[in-house]
Structures are given as structure tokens and as C-alpha cells.
Amino acid sequence: MLRVAVPNKGSLSEAATDILTEAGYKQRRSTKDLALTDTANEVEFYYLRPRDIAVYVGEGTLDVGISGRDLVLDSHADAEVIVELGFGASTFRFAGPPGIADSVKDLSGKRVATSYAGVLKDHLAENGVEASVVRLDGAVESAVQLGVADVIADVVETGTTLRQAGLEVFGDPILRSEAVLIKRQGVETPPNGLDQLVRRLQGVLVARNYVMMDYDIRVEAVDAANEVAPGLESPTVSPLHREGWVAVRVMVPRAEAQRIMDQLWDIGARAILTTDIHACRI
Ligand SMILES: Nc1ncnc2c1ncn2[C@@H]1O[C@H](COP(=O)(O)OP(=O)(O)OP(=O)(O)O)[C@@H](O)[C@H]1O
Ligand SMILES: O=P(O)(O)OC[C@H]1O[C@H](OP(=O)(O)OP(=O)(O)O)[C@H](O)[C@@H]1O
Ligand SMILES: [Mg+2]
């Protein structure tokens, strides 16, 4: 059976369970459940802290897992990304009292508090900066006010927590993160069921990110329309009863659907419809 690690708590937990449910896998009923076997799909799910998931997968105890790119890098685990899952996006940034620093280069000799000591130490080393790293479990924003650090390096999503602590970001983002499916580095033969899991997750991502667009257009305008909406591979063009007209069916990115409908209209397309995709295999 394929053994899959899923975040049990925190920012990634609900969205990870949602994407697996959408992909047709059984998920736990209670947040207290530690494991669940989906016998129909021959998958065992283990609910673990996402920071630990990188370690379990890196050591080969579990086949694959969902974690954050930042947590995987922080753990220095032997794990590699197979699928970017498009949720749990965040940036990892420096912040401090206004004016304290403009970039990482200004941090020599300073104390930097973080929950991501691995990522921070790597970044300081890459920039040749010697600073002391204060490792905290959470509520890192309070470290400056409470006097244990001069600046912090932490996950920023909306920036609300930083503002409340009177801190401002400075320097370039250290890292951009999102939820990822990981496997152990260098495993040649994929475990049974992994191909299916990956295809299903990719199917959910396409269904989330694309819509199906149908429209009618005069034959001579099809090439121009295909430039506007080329689809993933090639649009389907079917004859219409009305002489000189065809029906076109094509997938377009959900975020661009309205702009594409306007452009298709301008080149003569009519009866333009978009519909959601529920599931797919590309
Ligand atoms: N607002 C956010 N706060 C924290 N982590 C976030 C946020 N948005 C996305 N993430 C991502 O979620 C992962 C951290 O999840 P994790 O469960 O370890 O911490 P958490 O959500 O802060 O939960 P807790 O504080 O209860 O431990 C990282 O990959 C991080 O980039
Ligand atoms: O930019 P924002 O939208 O404010 O989100 C970022 C904050 O959220 C997380 O904290 P969390 O609530 O997980 O508490 P913690 O610091 O104890 O982990 C993270 O560590 C930041 O502090
Ligand atoms: Mg947290």
C-alpha cells in the first residue's frame, strides 16, 4: 500500500485534506484520528506535523507527503518536490522595527529570531553574514518587543501579525513557499499507487485552474481565435449546421476567462459559454 503523510494541524491541514478528498480518496472523519486506510484505493494516510513529514519522507519511512516547500528546505531532509499543489502560499521574510535594516547585509552581529533556523542559516551563509540565530517555536513577532532578538525572519501571509507587532518587512523575500507533494530523493522505482495519486492531484489542479469554453465562430476566424485561446493541446473544432460556421471547444485558464471571452467576441465569436470542469486526466 502507498503510505502518504498529510498535515494534521496548522495552515496546510484543511486544504490538504480537501485536495485529497477532491481527488477521490477517503479522508479521516475526526481531527483526532492519526491514520486512515483507504482500502478501495490501497492508500494509507498518516496525519503528522508538516515539519515532521519532510523527515519521514526523507528517511523513506513514508512514501510521499504533503508539506510546505519552506519546511522541506528547513529540515534539510532528503526529499524532492513532485507536485506543486497551489495552496498554502506564503513568503518568508525579514522584519524589524522601522529603520533597523535595509537588507540582509545589515544584519552582521544582530540577533535574528525564527522558527525556520535551517532556511535562515542557509540564507545568512549564502550572503556571508554572521548573525546569531534565536530559534523559537512560534509567536516570533513578539521576540523583538520582548528583547530576545533585534529582528525576525518569519512566514508572512497577509502581514497582519507583523503590523500588530509594529514591525516592517525589509530586504528581498528570502523564500516563496506553497504546499508541495514530496518523495524521497533519488527513488528510482515509484511505489505502487504513486502514479495514480500524482495524476489525480494534477487532475484536481487542472479542474481548479481551468474552465471549458465553447463558442461558435465563422470558419475563416478560427485561426485568429486559436491564437487567443490555444487550449492545452489543440481546440476541438466541429461543423455546425449553419453554413460557414463551426463550434469550438477549448480549455482556458479560469483567471483569464473573462478577458478571453471579450477578445473572442471582438473577432466574431458568438454563444460563448464557460463551464466548470469537475475532474479530468490530462
Ligand atoms: N499564515 C500562515 N501562517 C503560517 N504558515 C503558513 C501561513 N500560510 C501558509 N503557511 C505555510 O504553512 C506551513 C506551516 O504550517 P505549520 O502547520 O507548520 O505551521 P502553522 O500553520 O503556523 O501552525 P502552528 O502555528 O499551529 O504550528 C508552511 O509551509 C507555511 O509556509
Ligand atoms: O501575515 P499573516 O497573515 O499575519 O500570517 C503570518 C503569521 O501567521 C503564522 O503564525 P501562527 O498563527 O501560525 O502562530 P505561530 O507564530 O505561533 O506559529 C506565522 O508564523 C506568522 O506569524
Ligand atoms: Mg505557526
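# A guided look at a three-domain chain

The C-alpha centres of domain 1 and domain 3 lie 38 Å apart. Keep in mind while reading that this is a predicted model. The domain assignment of the protein chain gives domain 1 as residues 2-89 together with 178-192, domain 2 as residues 90-175, and domain 3 as residues 211-276.

UniProt adds its own view of the chain. An unreviewed entry lists residues 49-203 under "domain: ATP phosphoribosyltransferase catalytic". That span is 30% helix and 31% strand, and its end C-alpha atoms are 26 Å apart. The unreviewed entry also lists residues 207-278 as "domain: Histidine biosynthesis HisG C-terminal". Over residues 207-278, helix makes up 28% of the chain and strand 40%, with 6 Å between the end C-alpha atoms.

## The six-stranded sheet

Let us start with the sheet that contains strand S1. This open sheet has 6 strands in the order S2-S3-S1-S4-S11-S5, and its pairing is mixed. Strand S2 (35-38) and strand S5 (79-84) each have a single partner strand, so one side of each is left without a neighbour in the sheet. From one strand to the next, the twist averages 30°.

Within this sheet, strand S1 (residues 2-7) and strand S3 (residues 43-48) run parallel and are joined by 6 bridges. To find one of these on the model, look for Arg3, whose bridge partner in S3 is Glu44.

Helices lie against this sheet too. Helix H1 (residues 13-22) lies across S1, strand S4 (64-68) and strand S11 (179-184), and runs at about 140° to S1. Helix H7 (residues 194-209) packs on the sheet as well, where it touches S1, S4, S5 and S11. The direction of H7 makes about 45° with that of S5.

## The five-stranded sheet

Another open sheet has 5 strands, ordered S8-S7-S9-S6-S10, again with mixed pairing. Its edges are strand S8 (132-135) and strand S10 (168-177); each has a single partner strand, so one side of each is left without a neighbour in the sheet. Neighbouring strands here are turned by 25° against each other on average, direction ignored.

Strand S9 is a good place to see the mixed pairing. Strand S6 (residues 90-96) pairs with strand S9 (residues 151-156) in the antiparallel sense over 5 bridges, while S7 and S9 pair in the parallel sense over 3 bridges. On the S6 side, Phe94 has Ala153 as its bridge partner in S9. On the S7 side, Val112 has Val151 as its bridge partner in S9.

Helix H4 (residues 117-126) lies across S6, strand S7 (111-114), S8, S9 and S10. H4 runs at about 170° to S8.

## The two ligands

Which residues are closest to ligand 1? They are Gly10, Ser11, Gly68, Ser90 and Glu157, out of 16 residues that surround this ligand. The shell draws at least three residues from each of domain 1 (2-89 + 178-192) and domain 2 (90-175). Helix H2 (50-59) and helix H3 (69-75) each supply at least two residues of the shell around ligand 1.

The shell around ligand 2 includes Gly138, Ala139, Val140 and Glu141. Also among its residues are Asp154, Val155, Val156 and Glu157, along with Thr158, Gly159, Thr160 and Thr161. The elements giving two or more residues to this shell are S9 and helix H6 (160-164). The largest share, 3 residues, comes from S9.

The table sorts both shells by residue class.

| Shell | Nonpolar | Polar | Charged |
|---|---|---|---|
| Ligand 1 | 5 residues | 7 residues | 4 residues |
| Ligand 2 | 4 residues | 5 residues | 3 residues |

One name links the two shells: Glu157 is listed among the closest residues to ligand 1, and Glu157 is also one of the residues around ligand 2. Strand S9, which pairs with S6 and with S7, gives 3 residues to the shell around ligand 2.

How values were computed: Residues numbered from 1 in each chain as written. Chains lettered and ligands numbered in written order. Predicted model: local features only at pLDDT ≥ 70, side-chain atom pairs only at ≥ 80, totals over all residues. Domains from an automatic or database assignment. UniProt positions renumbered as here; feature names shortened; annotations may be inferred. Helix = DSSP H or I, 4+ residues; strand = E, 2+ residues; numbered from the N terminus. Near = placed C-beta within 6 Å. Nonpolar A, V, L, I, M, F, W, Y, C, P; charged D, E, K, R; others polar. Pairing = 2+ DSSP bridges. Axes fitted to C-alpha atoms, helices over the stretch in contact; angles between N-to-C directions. Contact = placed C-beta atoms within 7 Å.
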